Amino acid sequence: MLKTEFEERVKMNVTDNEYYDIIEPMYMRSDVDKDEFCAMWRKMNRKRIAAYKIELQAQQEAAARIERLWKTERKLFLAIRWISAENLLNGQELADLHAVNISTHRMGHLNGHDIKIPCSANKVWYELHEYLMSA
């Protein structure tokens, strides 16, 4: 059985070392077919497979967020310099910014009260661009 066949059957990637040093020799010494071997391996490694799926989903969500943030960065770059970011961006874009700790407002004071002051799109673009360049 090829490594790719094994990974397709167990729905999980494994390292070359793990496959060639452990899994393949175990399979070659067994007297079961590919499907049965993979079913047994899945059953013995169900917690690991579940953790793998959770990690894979988190990686996919992070990649999707970065892709959306690049689109947001471009939108901000093209925006009028002094428009507020909160007026320019949609809810998902604002949520993505907040998820990576980029604020679209700052705190200020007016008549002895704390107030939220919207940040310019230019300021938010700069912070987002710096974040993306380091991601």
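Reader: Which handedness does the crossing of α2 and α3 have?
Author: Keep in mind that this is a predicted model. Helix α2 covers residues 16-29 and helix α3 covers residues 34-44, and their axes come within 11 Å. The crossing of α2 and α3 is right-handed.

Reader: Are α2 and α3 parallel or oblique to each other?
Author: Start with the angle, since two packed helices are described by the angle between their axes and the distance between the axes. For α2 and α3 the axes cross at roughly 120°. That angle falls outside the 65 to 115 degrees that would count as roughly perpendicular and is not over 145, so α2 is oblique to α3.

Reader: What sort of residues make the contact of α2 with α3?
Author: From α2 come Glu18, Ile23, Met26 and Tyr27, and from α3 come Lys34, Phe37 and Trp41. Sort these residues by type and you get five nonpolar, no polar and two charged.

Reader: Is isoleucine 23 buried or exposed?
Author: Isoleucine 23 sits in helix α2, and it is one of the residues on that helix's side of the contact with α3. Buried means under 20% relative accessible area. Isoleucine 23 has just 1%, so this residue is buried.

Reader: Which residues is isoleucine 23 in contact with, leaving aside its neighbours within four places in sequence?
Author: Let's begin with a distance along the way: glutamate 7 is 16 residues from isoleucine 23 in sequence, and their C-alpha atoms are 11 Å apart in space. As for contacts beyond its sequence neighbours, isoleucine 23 has Phe6, Val14, Glu18, Phe37 and Trp41.

Reader: Is α3 roughly perpendicular or roughly parallel to α4?
Author: The axes of α3 and α4 come within 4 Å and cross at roughly 80°. An angle from 65 to 115 degrees counts as roughly perpendicular. That makes α3, relative to α4, roughly perpendicular.

Reader: How many charged residues are in the contact of α3 with α4?
Author: On the α3 side you'll find Trp41, Arg42, Lys43 and Met44, while α4 brings Arg46, Arg48 and Ile49. Three of the contact residues are nonpolar and none is polar, which leaves the charged ones, and they number four.

Reader: Which element gives the largest share of the largest nonpolar core?
Author: In soluble globular proteins, nonpolar side chains tend to be buried together. Here the largest core has 14 residues, and Leu69, Leu76, Leu89, Leu97, Ile102, Val124 and Leu128 touch the most other members. Two or more residues come from each of α4 (46-78), α6 (91-99) and α7 (121-134). The largest share is five residues, and it comes from α7.

Reader: Which residues does leucine 69 touch, not counting residues up to four places away in sequence?
Author: Leucine 69 belongs to the largest core and is among the members that touch the most others. Once its sequence neighbours are set aside, leucine 69 touches Asp96, Leu97, Val100, Leu128, Tyr131 and Leu132.

Reader: How many residues are in the other core?
Author: This core lies apart from the largest one. Its members include Tyr19, Phe37, Trp41 and Ile49, and its size is 13 residues.

Reader: Is serine 120 buried or exposed?
Author: Serine 120 lies in the loop between β2 (113-118) and α7. Its C-alpha atom is 4.5 Å from that of serine 84, though the two are 36 residues apart along the chain. With a relative accessible area of 14%, under the 20% cut-off, serine 120 is buried.

Reader: What is phi of lysine 11 near?
Author: Most residues other than glycine have a negative phi. Lysine 11, in the loop between α1 (3-10) and α2, is exposed at 58% relative accessible area. Its phi is positive even though the residue is not glycine, and the value is near 60°.

Reader: Is asparagine 101 buried or exposed?
Author: You'll find asparagine 101 in the loop between α6 and β1 (105-110). It isn't a glycine, yet it has a positive phi of about 60°. Its relative accessibility is 71%, and over 50% is the cut-off, so asparagine 101 counts as exposed.

Reader: Which residues is glutamate 86 in contact with, leaving aside its neighbours within four places in sequence?
Author: Glutamate 86 is found in helix α5, residues 85-88, and at 35% relative accessibility it counts as partly exposed. Beyond its sequence neighbours, glutamate 86 is in contact with Leu94, Thr104 and His105.

How values were computed
Residues are numbered from 1 along each chain as its sequence is written. This is a predicted model: local features need pLDDT of at least 70, side-chain atom pairs count only at pLDDT 80 or more; totals for chains, interfaces and linings use all residues. Side-chain values use heavy atoms; hydrogens and water are left out. Axes are lines fitted to C-alpha atoms, for helices over the stretch in contact, and angles run from 0 to 180 degrees between N-to-C directions. Angles under 35 degrees count as roughly parallel, over 145 as roughly antiparallel, 65 to 115 as roughly perpendicular and the rest as oblique. A crossing is left-handed if the near helix is turned anticlockwise from the far one by less than a right angle, and right-handed if clockwise. Contact means heavy atoms within 4.5 Å. Ala, Val, Leu, Ile, Met, Phe, Trp, Tyr, Cys and Pro count as nonpolar, Asp, Glu, Lys and Arg as charged, and the others, Gly among them, as polar. A nonpolar core is a set of buried Ala, Val, Leu, Ile, Met, Phe, Trp, Tyr and Cys residues joined through side-chain atoms within 4.5 Å. Buried means under 20% relative accessible area, exposed over 50%, partly exposed in between (1.4 Å probe, protein chains only).
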